[in-house]
Amino acid sequence: MKTADLQIGFEDVTIVAGAVTLLDRVTMTIAAGEPTVLVGPNGAGKTTLLRAAMGLLAPSRGKITWAGEEHSPPTRRAIVFQRPTMLRRSTFANVAYALDAAGAPRARHAAEIVELLALVGLDHAAERPARRLSAGEQHRLALARALARRPAVLFLDEPTASLDPASTKAIEDVIRTVSRRGIKVVMSTHDLGEARRLAGEVVLLHRVRLIESGAARAFFDAPSTEEARKFIAGELLV
Ligand SMILES: Nc1ncnc2c1ncn2[C@@H]1O[C@H](COP(=O)(O)OP(=O)(O)OP(=O)(O)O)[C@@H](O)[C@H]1O
Ligand SMILES: [Mg+2]
């Protein structure tokens, strides 16, 4: 896949639901490369932006484009929500279901499941009921299911929220691995340390607006807005 095909454009995107504005005049481009990390306080619009970029929420005004096209969100995208739901079956069968849903030929299933479970470090838990896995393990299983779709772009909504350092590291390692393999990761986090560790590009949202976006190093070393400066300094954005 050409890198231009990965490009997602937001042009003056506003999303409203009833009287509530979920996203306010956001203009940005998500391009191939290292992960794009969305940061910002609760209610900033991170989940909304991810859902819109995935094509699950349509703009009320403005437009969203995928590889320059407005009406054709590509199929090769996957999203992992903040609280993924496990099917009431084994870890192995959860991935098998995802492969089936993605239309992968049955003959390849067993080998792919083994590979995906190894990638997320769950090979030892293949036969365990998925709902008995720990929260961190369930997140990793959700990642394996998303990867079963062989996405070109992977959206992750707070993939490490409320996980301990070891589980967080396990997830971050998977993110780095798939990113190196050329999958574009677009994720949200509350954790600035995580953004520093993973981001090629950072997007700061606050009160459903885009405050600042840019290369991670520039964002952290020389933020150009007062909000970004405060956020990086650990002051509360209210
Ligand atoms: N379907 C909806 N109807 C009404 N308001 C909504 C809806 N979805 C989101 N919102 C509101 O839109 C704003 C942005 O929400 P969003 O979930 O995108 O924020 P977030 O940055 O993901 O926050 P958090 O860090 O808490 O997950 C919030 O004020 C939220 O209450
Ligand atoms: Mg959210």
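**Ligand 1 and the helix packing**

In this predicted model, a polar side-chain atom of His190 sits 3.2 Å from an oxygen atom of ligand 1. Ligand 1 has 13 residues around it. Beyond the ligand, there are three helix pairs to look at: α2 with α4, α4 with α5, and α2 with α3.

**Around ligand 1**

- Among the 13 residues surrounding ligand 1, the closest are Asn42, Gly43, Lys46, Thr47 and Thr48.
- Thr47 also puts a polar side-chain atom 2.8 Å from an oxygen atom of ligand 1.
- Gly45 uses its backbone instead: one of its polar backbone atoms is 2.9 Å from an oxygen atom of the ligand.

**α2 against α4**

- Helix α2 covers residues 91-101 and helix α4 covers residues 135-147; their axes are 8 Å apart, at an angle of about 30°.
- Angles under 35 degrees count as roughly parallel, so α2 is roughly parallel to α4.
- The crossing of α2 past α4 is right-handed.
- On the α2 side, the contact involves Thr91, Asn94, Val95 and Ala98, while α4 brings in Leu141, Ala144 and Arg145.
- Sorted by class, those contact residues come out as four nonpolar, two polar and one charged.

**α4 against α5**

- Helix α5 spans residues 165-180, and it packs with α4 at an angle of about 15°, the axes being 9 Å apart.
- With that angle, α4 is roughly parallel to α5.
- Here, too, we have a right-handed crossing, between α4 and α5.
- From α4, the residues involved are Gly136, His139, Arg140, Leu143 and Leu147; they meet Ser167, Ala170, Ile171, Val174 and Val178 of α5.
- The class tally for the contact of α4 with α5 is six nonpolar, three polar and one charged.

**α2 against α3**

- Helix α3 runs over residues 106-119, and α2 packs with α3 at an angle of about 125°, with 9 Å between the axes.
- That angle makes α2 oblique to α3.
- α2 goes past α3 in a right-handed crossing.
- α2 supplies Thr91, Phe92, Val95, Ala96, Leu99 and Asp100 to this contact.
- α3 answers with Arg106, His109, Ala110, Glu112, Ile113, Leu116 and Leu117.
- Split by class, the contact of α2 with α3 has eight nonpolar, two polar and three charged residues.

**Residues to click on**

- Thr91 and Val95 of α2 take part in the contact with α4, and both also turn up in the contact with α3.
- For α4, Leu141 is one of the residues in the contact with α2, while Leu143 is one of those meeting α5.

Notes. Residues are numbered from 1 along each chain as its sequence is written. Chains are lettered from A and ligands numbered from 1 in the order in which they are written. This is a predicted model: local features need pLDDT of at least 70, side-chain atom pairs count only at pLDDT 80 or more; totals for chains, interfaces and linings use all residues. Side-chain values use heavy atoms; hydrogens and water are left out. Axes are lines fitted to C-alpha atoms, for helices over the stretch in contact, and angles run from 0 to 180 degrees between N-to-C directions. Helices (H or I, at least four residues) and strands (E, at least two) are DSSP runs, numbered from the N terminus. Angles under 35 degrees count as roughly parallel, over 145 as roughly antiparallel, 65 to 115 as roughly perpendicular and the rest as oblique. A crossing is left-handed if the near helix is turned anticlockwise from the far one by less than a right angle, and right-handed if clockwise. Contact means heavy atoms within 4.5 Å. Ala, Val, Leu, Ile, Met, Phe, Trp, Tyr, Cys and Pro count as nonpolar, Asp, Glu, Lys and Arg as charged, and the others, Gly among them, as polar. A residue is near a molecule or strand if one of its heavy atoms lies within 4 Å of it. A polar contact is a pair of N or O atoms within 3.5 Å; within protein, one must be able to donate a hydrogen and the other to accept it, and residues adjacent in sequence count only if both atoms are side-chain atoms.
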